[in-house]
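Please read the following points slowly, with the sequence and the model side by side, and find each residue for yourself before moving on to the next point.

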Amino acid sequence: MLTSLHLTLTPTAPVTLPAWLGRATHAWFLESVQQRNPALAAELHEPNQERPFTVSDLWGPGLERQGQNKLTPGTAYSLRVTGCRADISNLLGGLAAEPPATIRLLDHPFRVQTATTDPDVSRWAGQTSYAALAQTHMLAKEQPSQLTLHFASPTVFRSNDAYLPLPLPRLVFEGLARQWNNLSTVTIADEVVRYAEECLLISRYRLQTERVDRGQRGGFPGFTGSCTYAFNVRDRYWMGLIHLLADFAFYAGVGKQTAMGLGQVKGEKGGQEDRRNGELRL
């Protein structure tokens with residue numbers, strides 16, 4: 001099961017917080033899991049593993065990603081959590097059905113206004129299954145000749161012991177294929193990575209680098225924006241796998257540290273950019 005929970009919230013009092021709250025949102029989520037399923041929380045705390053969930057940074061009007069932000073009551077901010085396993089998805093469904101009255105980020109309370117997994121309510125909410133995604137894409141008679149990924153939060157890859165802030169096809173789809181095969185009973189052929197590298201081209205993009213400032217922990221370069229990929233070898237089977245992984249990215253995230261705010265991604269067929277007031281928003 002794959003689930004995306006979208007929350008809207010507002011601070012209960014004016015507060016100034018660091019611009020990057022990825023670690024704080026991550027901590028809040030694990031505390032929520034601890035309250036509902038201690039055994040699952042202990043598992044998710046284990047180091048050196050690919051996380052079967054993502055947590056966004058705090059999003060909202062006027063927020064910067066450097067320095068500090070002043071947050072005001074009455075302003076709606078967004079927070080998103082995704083689960084890529086049934087146990088996590090069930091927990092997120094419970095949070096949507098009975099959301100907490102408040103959540104705390106860096107010990108500051110925020111009142112929860114809405115919580116939903118319904119894509120008709122929020123374009124960043126959703127629920128599906130691995131089998132449903134596979135069936136949708138692998139049984140399609142035709143495949144779109146291009147796709148666009150919208151990187152709504154800073155995204156970064158680790159390649160050759162260095163951070164690389166570029167959505168190269170191999171880097172994007174290698175991580176997605178590995179995550180899919182780790183979590184799904186529907187296996188994807190490893191050769192999809194070679195197909196992505198050799199047969200998928202960047203046809204256009206609108207990207208900007210954004211340094212992620214982690215305070216005393218330092219920072220690293222990321223990127224946000226939109227990137228459109230085109231197929232130069234139009235094989236229906238392999239194109240279907242790429243489109244499947246692009247839809248999976250909505251739940252799995254892309255790149256490093258997706259459980260701490262990075263790599264929030266939404267895909268779409270074709271090359272139209274999905275923008276709100278000039279920039280991508282949760």
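1. In this predicted model, strand E9, which covers residues 146–155, is a good place to begin, because 9 of its 10 residues are buried and the strand is therefore largely enclosed by the rest of the structure. A residue is called buried here when its relative accessible area is under 20%.

2. Strand E9 belongs to an open sheet of 4 strands, arranged in the order E12-E13-E9-E14 with antiparallel pairing. Strand E12 (200–213) and strand E14 (265–269) stand at the edges, and since each has a single partner strand, one side of each is left without a neighbour in the sheet. When direction is ignored, neighbouring strands of this sheet are turned by 10 degrees against each other on average. As background, strands of a sheet pair through backbone hydrogen bonds, and the pairing may be either parallel or antiparallel.

3. The pairings can be followed strand by strand, and it helps to trace them in the order of the sheet. E12 pairs with strand E13, residues 219–231, in the antiparallel sense over 13 bridges. E13 is in turn joined to E9 by 7 bridges, again with the two strands running antiparallel, and E9 pairs with E14 over 5 bridges, also in the antiparallel sense. Leu 147 lets you see both sides of E9 from one position: its bridge partner in E13 is Tyr 229, while in E14 Leu 147 stands opposite Lys 269.

4. At the edge of the sheet, Tyr 205 deserves a separate look, as this residue is found in strand E12 and stands opposite Cys 227 in E13. Is Tyr 205 buried or exposed? With a relative accessibility of 60%, Tyr 205 counts as exposed, because the limit for that word is set at over 50%. Tyr 205 also forms a nonpolar patch on the surface together with Leu 166, Leu 168 and Ile 202, and the accessible area of these residues together is about 380 Å².

5. Turning from the surface to the interior, the largest nonpolar core has 42 residues, of which Phe 173, Leu 176, Ile 242, Leu 245 and Phe 248 touch the most other members. The elements that give two or more residues to this core are helix H4 (130–138), strand E9, helix H5 (169–183), helix H6 (192–199), strand E13 and helix H7 (236–252). Which element gives the largest share of the core? The answer is H7, from which 11 residues come.

6. Leu 241 also has its place in helix H7, and at 4% relative accessibility this residue counts as buried. Measuring tools in your viewer can be used to check one long separation: the C-alpha atoms of Leu 241 and Asp 87 are 25 Å apart in space, and the two residues are 154 residues apart in sequence.

7. A search of the whole structure finds 8 salt bridges, and in general side chains of opposite charge can pair when their charged atoms come close. One of the salt bridges is formed by the side chains of Arg 178 and Glu 50, with a distance of 3.1 Å from N to O. This pair links distant parts of the chain, since Arg 178 lies in helix H5 and Glu 50 in the loop between helix H2 (38–45) and strand E3 (53–55), 128 residues apart. Arg 178 is partly exposed, with a relative accessible area of 42%, and Glu 50 is likewise partly exposed, with 37%.

8. Two further pairs may be read together. Asp 107 forms a salt bridge with Arg 104, their closest N and O atoms being 3.2 Å apart; Asp 107 is exposed, with a relative accessible area of 57%, whereas Arg 104 is partly exposed, with 43%. Glu 197 forms a salt bridge with Arg 170, where the closest N and O atoms are 3.7 Å apart, and this pair links distant parts of the chain, with Glu 197 in helix H6 and Arg 170 in helix H5, 27 residues apart. Both partners count as partly exposed, Glu 197 at 47% relative accessibility and Arg 170 at 27%. Finally, salt bridges that share partners join Glu 43, Arg 85 and Asp 87 into one network.

How values were computed:
Residues are numbered from 1 along each chain as its sequence is written. This is a predicted model: local features need pLDDT of at least 70, side-chain atom pairs count only at pLDDT 80 or more; totals for chains, interfaces and linings use all residues. Side-chain values use heavy atoms; hydrogens and water are left out. Two strands pair if DSSP finds at least two bridges between them. Axes are lines fitted to C-alpha atoms, for helices over the stretch in contact, and angles run from 0 to 180 degrees between N-to-C directions. Patches are made of residues with over 30% relative accessible area and no salt bridge: like charges are joined within 9 Å, nonpolar side chains (Val, Leu, Ile, Met, Phe, Trp, Tyr) within 5 Å. Accessible areas come from the Shrake-Rupley method with a 1.4 Å probe; for residues, only the protein chains shown count as cover. A salt bridge is a side-chain nitrogen of Lys or Arg within 4 Å of a carboxyl oxygen of Asp or Glu. Buried means under 20% relative accessible area, exposed over 50%, partly exposed in between (1.4 Å probe, protein chains only). A nonpolar core is a set of buried Ala, Val, Leu, Ile, Met, Phe, Trp, Tyr and Cys residues joined through side-chain atoms within 4.5 Å.
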